[in-house]
Number of protein chains: 2
Amino acid sequence: MTTDLTVRPVFFVSDRTGITAENFGHALLTQFNAIKFERQSIPFINSEEKARQAADTINQAAKKYGHRPLVFSTLIDKFYRSIIADSQAYVIDFFDTFIKPLETELHIKSSHASGLSHGIANEFVYMSRMDAVNYSLKNDDGVNTKEYKNADIILIGVSRSGKTPTCLYLAMQFGLRAANYPLTESDMANNQLPESLHPYRNKLFGLMINAERLRTIREMRKQHSEYASLSQCKKETKMIKSLFDIERIPYIDSSQISVEEMATSIIQLMKINRPPIY
Amino acid sequence: MTTDLTVRPVFFVSDRTGITAENFGHALLTQFNAIKFERQSIPFINSEEKARQAADTINQAAKKYGHRPLVFSTLIDKFYRSIIADSQAYVIDFFDTFIKPLETELHIKSSHASGLSHGIANEFVYMSRMDAVNYSLKNDDGVNTKEYKNADIILIGVSRSGKTPTCLYLAMQFGLRAANYPLTESDMANNQLPESLHPYRNKLFGLMINAERLRTIREMRKQHSEYASLSQCKKETKMIKSLFDIERIPYIDSSQISVEEMATSIIQLMKINRPPIY
């Protein structure tokens, strides 16, 4: 047993995937970075037995750490909620907090249905997200541009500037058909866009990256290669910046930001009217 | 102007990506499916001007729809929050609701820093997520199994049973190195696992799918093909079920569940000790 106040166990409990509980808890916990949180997700609590097991796990952690765990709950079922509420935890109950006020505001009772958040609530929307993922995978290397007419967005940039994960995130999270075209040194030699991209100019968005960062990422892929050398990275980043400027391609610098930030910035900057994702 | 109470404008406002605001609002709105919500995300509110623009947009919607919009806010900045609070909206303020009680419980002040939730808060964790995405892309077709020793999980199933998007989600969201191996009819002919998978038996997880669903998905890919025919789909799904049973491969049926549900189920069923994603 310990009573170290700088370490705290945290549980995310849910009827279904627990993704909402984790996101919601995580967003709050990032505000308390002096504390080390020991996180555990307990998803799919859909029986009394599982609820009691979860409560046991929480109580064991309370004993082990010497103070009560935090519990972020998105449980819908009242009975399971009461079991968790009886554990030795500080429970932050997402639905309990917000559902009542929303019912009042909307003049309607909530459905108390679970698993709607990350399930297939809308078959059509779900299938178009999966379609977008397949599209982005198929249009990931610039070899074939004939499907670019169906793209919502086409990312361009040098190799390893973050195009692929950003495209996949745009597809998976937002259902956007995101293609990407890697620009090689020879593509950029004339300081103009490759011919095959001309018809899609209004869908192009550039990813910049600084040379140091690019070197680090390329080194992880091909150690001690010319490709990963600082001189090569400097050359390519300089060329691409010049190309973006001359061709007036909107771009952002991916060096310090996450795929989530890139994706949401791109949607905003390109004024993409993205389909409702839910 | 309309006063149709079954349609309601909704805004997600945030200092940064708005992803937390959307997730949090969405989870609540799914509980009110009798109402049609017109959703709009306003991310990157990081200046007084942008906050005032957002308030204007909200007020215009209030006028257009004839009743006040819902606003889900994860704004951290007090001044910008006050501008939004003064708009003609019903504001549900995520941080305002939970931060104070958490400060009391944790005996510590919150940092009031924005953008920690979906930014690169932890460089190492972020890079390993991106690494996992690259790994999953490289190990997506079963052609090369020599990197399977580095896999956290290897999904097996027939073509179009949902392996690829599930692997990508496992990588993107949870930082897991998820490979996938598509089983063809000839792979399954002997009712045993392909030789190349034997060394990785403890990492294998199966995706089942029902024949009707498989047909629908394959039809979207190759219309009117033998590959997409119901008879072929029935044959393959029967073979794979038999293979999973004989080889005692754990599996789930992907027919009715989302990639998010598959990913979290797999982690739980395989007892994967996933790295903390934040």
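The following conversation concerns a predicted model of two chains, A and B.

Visitor: How many residues does each chain put into the contact?
Guide: In this predicted model, chain A contributes 57 residues and chain B contributes 57 residues.

Visitor: Which elements of chain A supply that side?
Guide: Helices α1 (19–29), α4 (94–106), α5 (123–138), α6 (163–174) and α10 (259–269) of chain A, together with strand β4 (90–93), each provide at least two residues of the side that touches chain B. The largest share, 7 residues, belongs to α1(A).

Visitor: And how do the residues on that side divide into nonpolar, polar and charged?
Guide: On the side of chain A that touches chain B, 31 residues are nonpolar, 21 are polar and 5 are charged.

Visitor: What turn lays chain A on chain B?
Guide: A turn of 180 degrees with a shift of 0.0 Å along the axis places chain A on chain B, and the RMSD is 0.1 Å. This is therefore the relation of a two-fold axis. The same surface serves both copies, as 100% of the contact residues of chain A recur in chain B.

Visitor: Which residue of chain A comes closest to the rotation axis?
Guide: That residue is A:F24, whose C-alpha lies at 3.4 Å from the rotation axis.

Visitor: Turning to α10(A), is the helix mostly covered or mostly uncovered?
Guide: Helix α10(A) is mostly covered, with 8 of its 11 residues buried. The buried residues are A:V259, A:E260, A:E261, A:M262, A:A263, A:T264, A:I266 and A:I267.

Visitor: What covers them?
Guide: The cover over the buried residues of α10(A) includes β5 (153–157), α6, β7 (204–208) and β8 (251–253) of chain A, and also α1 (19–29) of chain B.

Visitor: Which residue just after α10(A) takes a positive phi?
Guide: Just past that helix, A:K271 has a positive phi of about 50 degrees.

Visitor: A different topic: at what angle do α2 and α3 of chain B pack?
Guide: Helix α2 (residues 48–65) and helix α3 (residues 78–85) of chain B pack at about 20 degrees, and their axes are 9 Å apart. Because angles under 35 degrees count as roughly parallel, α2(B) is roughly parallel to α3(B).

Visitor: Is the crossing left-handed or right-handed?
Guide: The crossing of α2(B) and α3(B) is right-handed.

Visitor: Which residues meet there?
Guide: From α2(B), B:A51, B:R52, B:A54 and B:A55 meet B:Y80, B:I83 and B:I84 of α3(B). The residues of this contact comprise 6 nonpolar, no polar and 1 charged.

Technical notes
Residues numbered from 1 in each chain as written. Chains lettered and ligands numbered in written order. Predicted model: local features only at pLDDT ≥ 70, side-chain atom pairs only at ≥ 80, totals over all residues. Contact = placed C-beta atoms within 7 Å. Helix = DSSP H or I, 4+ residues; strand = E, 2+ residues; numbered from the N terminus. Nonpolar A, V, L, I, M, F, W, Y, C, P; charged D, E, K, R; others polar. Least-squares fit on C-alpha atoms with pLDDT ≥ 70 in both. Axes fitted to C-alpha atoms, helices over the stretch in contact; angles between N-to-C directions. Parallel < 35°, antiparallel > 145°, perpendicular 65-115°, else oblique. Left-handed = near helix turned anticlockwise from the far one by under 90°. Buried ≥ 20, exposed ≤ 12 C-beta atoms within 10 Å, placed from the backbone.
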